[in-house]
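Open the model in your viewer and keep the selection box handy. We will go from stop to stop, and at each one you can select what is named and look around.

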Amino acid sequence: MLILIKENAQQMSLEAAQQVASQIKLKPDSVIGFATGSTPLAMYKELIKMHKEDGLDFSKITSFNLDEYVELPPSHPESYHYFMWENLFKHININPSNVHIPMGMAGNIDAFCDWYEEKIKSYGGIDLQILGIGGNGHIAFNEPGSSLGSRTRIKTLGLKTRLDNSRFFSNLDEVPKYAITMGVGTIMEAKKLLLLANGINKADAIKATVEGPIMAKYPATIVQLHRYATIIIDNEAASKLEGEYIDK
Ligand code: F6R
């Protein structure tokens, strides 16, 4: 793992955006795995800036999002479809037919999940997967206890995750109870991982991920086994780490 510790969330976001931009310049038809949530927002702003000011070209990329709430229509302001279009896609020149986001309204969720897995494979897999991390150590919506070999499927969201995400809804009851999520095994097949975390409330999850034993209780710990995982965190998220991480 390459652990990059940055001064603050802005520096973390800038570094992450540069890494995504390098991937796209290196391989213009890259398959990029996108995440939602608060963590990647400033990175998406940087990528939009790079597109508008420096002509970073997204026209050939293909995207696959990690997850989506079940039973929220794409038009719902808290759906991850809505999030991605509002915060990134509508500001860049991505080809809409190259965008893939799990369909929370799918009639047959199991069939949809199998289709999603096949679709990722048909593009030759994900070149670069962006990840956030839950305070409980989840990646995508692979909650504690998720099989470390899991594939795209429906997951029940734990109370901690629903409480964390209730800040986006008017109350806890409105937070969906289920999500479609790429599995831990699906994520681990991406050629490169870019995991971001900032803030003191991620410090325990980062400590477990970087320095703890690998266990299903903290699905993010599996990234220790990935050959090309880069973890970009700010000082606060890094504050409980004991090792010396000197990569710049
Ligand atoms: C979102 C996702 C989640 C978030 C995680 C952190 O697509 O996969 O795993 O990355 O819940 O969320 P934030 O960034 O809001 O703290």
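**First stop: the ligand**

Select Arg167 together with the ligand: an N or O atom in the Arg167 side chain is 3.0 Å from an oxygen atom of the ligand. Taken alone, the ligand would expose 410 Å², and the protein buries 93% of that. Please keep in mind throughout that this is a predicted model.

Now turn on the pocket surface, if your viewer offers one. The ligand sits in the largest pocket. Which residues come nearest to the ligand? Of the 14 residues around the ligand, they are Thr39, Asp67, His138, Ala140 and Lys202. Show those five as sticks before you move on.

Click on His138 next. One of the polar side-chain atoms of His138 lies 2.7 Å from an oxygen atom of the ligand. Then do likewise with Thr39, where a polar side-chain atom lies 2.4 Å from a ligand oxygen atom.

**Second stop: Thr39 and its surroundings**

Stay with Thr39 and colour by secondary structure. Thr39 is found in the loop that runs between strand E2 (31-34) and helix H2 (41-54). Is Thr39 buried or exposed? Its relative accessible area is 13%, so Thr39 counts as buried, the cut-off for buried being under 20%.

To see what surrounds Thr39, select Met12, Leu196, Ala197, Asn198 and Lys202. These are the residues in contact with Thr39 once neighbours within four places in sequence are left aside. Lys202 is also among the residues that come nearest to the ligand.

**Third stop: two loop residues with positive phi**

Select Ala140, another of the residues that come nearest to the ligand. Ala140 is found in the loop between strand E6 (128-131) and strand E7 (153-156). With 8% relative accessibility, Ala140 counts as buried. Check the backbone here: Ala140 has a positive phi of about 50° although it is not a glycine. Most residues other than glycine have a negative phi.

Now go to Glu71, in the loop between strand E4 (67-69) and helix H3 (80-87). Glu71 is not a glycine either, and its phi is positive, near 75°. Unlike Ala140, which is buried, Glu71 counts as exposed at 63% relative accessibility.

**Fourth stop: helix H7 and strand E1**

Select helix H7 (residues 203-211) and show its side chains. Ala203, Ala205, Ile206, Ala208, Thr209 and Val210 are buried in this helix. What do the buried residues of H7 pack against? Add strand E1 (2-6), strand E9 (192-197) and strand E10 (229-234) to the selection, and you have the answer.

Within strand E1, pick Ile5. Ile5 is partly exposed, at 32% relative accessibility. Not counting residues up to four places away in sequence, Ile5 touches Ile233, Asp234, Asn235, Ala238 and Tyr245. For a sense of scale, draw a line from Ile5 to Val99: their C-alpha atoms are 31 Å apart in space, and the two residues are 94 apart in sequence.

**Last stop: Ala9**

Finish at Ala9, which lies in helix H1 (residues 9-26). Its relative accessible area is 26%, so Ala9 is partly exposed. Beyond its neighbours within four places in sequence, Ala9 is in contact with Asn198 and Asp234. You have met both already: Asn198 is in contact with Thr39, and Asp234 is touched by Ile5.

Technical notes
Residues numbered from 1 in each chain as written. Predicted model: local features only at pLDDT ≥ 70, side-chain atom pairs only at ≥ 80, totals over all residues. Heavy atoms only, no water. Helix = DSSP H or I, 4+ residues; strand = E, 2+ residues; numbered from the N terminus. Buried < 20%, exposed > 50% of the residue type's maximum accessible area, 1.4 Å probe, protein only. Contact = heavy atoms within 4.5 Å. Near = heavy atom within 4 Å. Polar contact = N/O pair within 3.5 Å; in protein donor to acceptor, adjacent residues only side chain to side chain. Areas by Shrake-Rupley, 256 points an atom, 1.4 Å probe, with all protein chains shown as cover. 1 Å grid on protein atoms, 1.4 Å probe; cavity = no way out; pocket = protein on both sides within 12 Å on 5 of 7 lines; lining within 4 Å. Sits in = over half its atoms within 2 Å of the grid points.
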